[in-house]
Amino acid sequence: MSTTTSSIPSTMRGVLCTAIGDPSVLSYRTDLPVPQPTTGQILIRNSYAGVNYIDTYFRSGIYPSPKPEILGRDGEGVIVALGEGETYGLKLGQRVVWMGSGGYAEYSAVPALHVAPIPDGIPETIAVASLLQGLTALTMIRESHHTKAGEWCLVHAAAGGVGLWLCQLLKALGARVIGTASTPEKIAQAHGAGAEKMINYSTTTSADLVAQIMELTGGQGVAAVFDGVGKDTFDDDLKVVKRKGTVVSFGNASGVVPPFAISKLAPKCIKLLRPQVFGYIATRQEFTTYTAELFRFIMENKIEVKVHKVYDLQDAQLVHEDLEGRKTMGKLLMRV
Ligand SMILES: NC(=O)c1ccc[n+]([C@@H]2O[C@H](COP(=O)([O-])OP(=O)(O)OC[C@H]3O[C@@H](n4cnc5c(N)ncnc54)[C@H](OP(=O)(O)O)[C@@H]3O)[C@@H](O)[C@H]2O)c1
């Protein structure tokens, strides 16, 4: 470790995912070793840990990873140590937001490449509520499908963390959003975020959903589908996307999309992508460019960042139950 502040303890509080399983495998501990930053890493003392749907995939084994492990892909806190190597001018004591791993803990050692100083105008919790989900939405509307004003887009789980970002950013670009959600409360929330038309996909048959979207779009279908739901919605995505349109499949909240014959894409010349946000921010320049744009949206009040709830770190099991139980809207955070 090249540079540190004076007092970093050897143990810390955190939540260990002890095995693959249901939320009961998440164990709150007070004796976890504080990680050491390796080359190119920075040690952060977290004030908030972000929670993302991907955390449930690592816990349940949908995405394989060695156990035990500390989950958590984003956080907000203060830099307390800089590792050797390139640390992009970041400084001890700076208030930052980060993307990486090991967030459900007091300290996280994370790649400097994905650490951003928080601008003064952005209040506590908002940067961490924005970074991963906001960058996911922003990179998808810029790169997965270069969205244009006036075109129709379909956003599934439109009241979720990424969903609310997509609704607002697409509206800001002048696109027209059709959203889906499972409750009247979620439908109202997504409407407020800019979705012009909402469909409750838990009370609508698949045939009805397709018919409504085709009618709204004058029989053409949507230019792009943004789908983080996966298994339950994928087949309909191919029906409602227009000729030469794009299906962006970016998650598996209902389960993984099963293998399918690519010839299904042929009749309408559909473009299909399965992006991940880290692939769009792999260089420091990409990360800082998109992060600066994201922060601008927030500081210019063009986006309202919705935090569902700030939980305590000890309540990680409940956080996962609420997220998988579809009880949440917007971003979930844990106070560290
Ligand atoms: N590719 C990437 O880089 C990337 C990055 C970030 C997130 N993601 C993906 O984006 C999606 C959204 O992530 P998020 O963190 O913002 O979560 P979220 O949308 O806040 O939560 C997931 C939502 O999915 C909906 N859903 C539909 N079927 C479900 C089911 N069977 N079980 C549980 N939920 C179901 C629920 O909304 P309703 O109740 O309204 O249906 C639920 O609230 C996830 O698939 C995540 O993996 C991908």
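Let's start with a pair of strands: strand 9 (residues 152-155) and strand 12 (residues 222-227) run parallel and are joined by three bridges. One residue to click on here is C153, whose bridge partner in strand 12 is A224. Keep in mind as you look around that this is a predicted model.

Now zoom out from that pair. Strands 9 and 12 sit in an open sheet of six strands, ordered 11-10-9-12-13-14 and paired in parallel. At the edges you'll find strand 11 (197-200) and strand 14 (271-273), each of which pairs on one side only. Ignoring direction, neighbouring strands in this sheet are turned by 15° against each other on average.

Next, the helices that pack on this sheet. Helix 3 touches strand 9, strand 10 (176-181) and strand 12, and its direction makes about 170° with that of strand 9. Helix 4 (residues 184-192) packs on the sheet too, touching strand 10 and strand 11. For helix 4 the angle is taken with strand 11, and it comes to about 160°.

How is the protein divided into domains? The domain assignment gives domain 1, made of 3-118 + 306-335, and domain 2, spanning 133-278. Their C-alpha centres lie 29 Å apart. As for where the two meet, 17 residues of domain 1 are in contact with 18 residues of domain 2.

That brings us to the empty space inside. With a threshold of 30 Å³ or more, the count comes to one cavity. The largest cavity holds about 60 Å³ of space. Its lining is made up of A129, Q133, G161, L164, W165, Q168, I303, E304, V305, K306, G330 and K331. Helix 2 (126-144) and helix 3 (161-172) are the elements that give two or more residues to that lining. Helix 3, which we met packing on the sheet, supplies the largest share of the lining, four residues. Sorted by class, the lining has five nonpolar, four polar and three charged residues.

Why does the largest cavity lie between domain 1 and domain 2? Because both domains give residues to its lining.

Finally, a couple of backbone details to check by eye. Most residues other than glycine have a negative phi, and most peptide bonds are trans. Against that background, look at the peptide bond joining K67 and P68: it is cis, with omega at about 0°. P68 is placed in the loop between helix 1 (53-60) and strand 5 (74-82). Then there's T125, which is not a glycine and yet has a positive phi of about 75°. You'll find T125 in the loop between strand 8 (115-117) and helix 2, and helix 2 is one of the elements that give two or more residues to the lining of the largest cavity.

Key:
Residues numbered from 1 in each chain as written. Predicted model: local features only at pLDDT ≥ 70, side-chain atom pairs only at ≥ 80, totals over all residues. Heavy atoms only, no water. 1 Å grid on protein atoms, 1.4 Å probe; cavity = no way out; pocket = protein on both sides within 12 Å on 5 of 7 lines; lining within 4 Å. Points joined across faces, edges and corners; volume = space filled by probe spheres on them. Nonpolar A, V, L, I, M, F, W, Y, C, P; charged D, E, K, R; others polar. Domains from an automatic or database assignment. Pairing = 2+ DSSP bridges. Axes fitted to C-alpha atoms, helices over the stretch in contact; angles between N-to-C directions. Contact = heavy atoms within 4.5 Å.
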